[in-house]
Amino acid sequence: MLAAATLTTPMFLLAWALDTTAAVLIFLHANKRGSRHATAWGMSVFFALGLALPIYVVHGRLHKPSGRRY
């Protein structure tokens, strides 16, 4: 039988901070590489870190950067 995990406030805040940091870094990286969907990448990493981050890494390796858009 599985024991129920207790999520404490410090654990929640740490997880939230790591997730937010990852989302901001992905947004900045995608924006720097000229992605037209940098905001979408950042939001998807924030909401589904375990799924979107590996997808972003694979996507980034398969596509060449187009440079800055601004």
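**Exercise 1: A patch on the surface**

Task: Find which residues make the nonpolar surface patch of about 550 Å² in this predicted model.

Solution: Begin with the members, which are L7, M11, F12, L13 and W16. Next, pick one of them and locate it: M11 sits in helix α1. Then look at its accessibility. The relative accessible area of M11 is 45%, and partly exposed covers values between 20% and 50%, so M11 is partly exposed. To finish, set the patch beside the whole chain: the accessible surface of the protein chain is about 5800 Å², and carbon and sulfur atoms hold 71% of that surface.

**Exercise 2: The overall plan**

Task: Work out how many helices and strands the protein chain has, and in what pattern they follow one another.

Solution: Count the elements to get 3 helices and 0 strands. Now walk along the sequence, and the pattern reads α-α-α. Two further values describe how the chain is arranged. Of its 70 residues, 17% are buried. Among contacts with a separation of 6 or more, 52% join residues 24 or more positions apart.

**Exercise 3: One side of a helix**

Task: Decide where the buried residues of helix α2 lie around its axis: on the same side or on opposite sides?

Solution: First list them. Helix α2 spans residues 38-47, and its buried residues are A38, W41, G42 and V45. These residues cover an arc of only 95° around the axis, so they lie on the same side of α2. Now ask what they face: the buried residues of α2 pack against α1 (9-32) and α3 (49-62). For contrast, take T39, which is also placed in helix α2. T39 has a relative accessibility of 49%, so it counts as partly exposed.

**Exercise 4: The nonpolar core**

Task: Identify the residues of the largest nonpolar core and the elements that give two or more residues to it.

Solution: The core holds 8 residues in all: A23, I26, A30, A38, W41, V45, A52 and Y56. The elements that supply two or more of them are α1, α2 and α3. To see one member at closer range, choose A52. Leaving aside residues up to four places away in sequence, A52 touches W41, S44 and V45.

**Exercise 5: Apart in sequence, apart in space**

Task: For T20 with F47, and for T39 with V24, compare the separation along the chain with the C-alpha distance.

Solution: Start with T20, a residue of helix α1. Its relative accessibility is 25%, so T20 is partly exposed. T20 and F47 are 27 residues apart in sequence, while their C-alpha atoms are 9.4 Å apart in space. Move on to the second pair: T39 and V24 are 15 residues apart along the chain, and 9.3 Å separates their C-alpha atoms.

Technical notes. Residues are numbered from 1 along each chain as its sequence is written. This is a predicted model: local features need pLDDT of at least 70, side-chain atom pairs count only at pLDDT 80 or more; totals for chains, interfaces and linings use all residues. Side-chain values use heavy atoms; hydrogens and water are left out. Buried means under 20% relative accessible area, exposed over 50%, partly exposed in between (1.4 Å probe, protein chains only). Helices (H or I, at least four residues) and strands (E, at least two) are DSSP runs, numbered from the N terminus. The arc is that of the directions from the helix axis to the C-beta atoms. Contact means heavy atoms within 4.5 Å. A nonpolar core is a set of buried Ala, Val, Leu, Ile, Met, Phe, Trp, Tyr and Cys residues joined through side-chain atoms within 4.5 Å. Accessible areas come from the Shrake-Rupley method with a 1.4 Å probe; for residues, only the protein chains shown count as cover. Patches are made of residues with over 30% relative accessible area and no salt bridge: like charges are joined within 9 Å, nonpolar side chains (Val, Leu, Ile, Met, Phe, Trp, Tyr) within 5 Å. A salt bridge is a side-chain nitrogen of Lys or Arg within 4 Å of a carboxyl oxygen of Asp or Glu.
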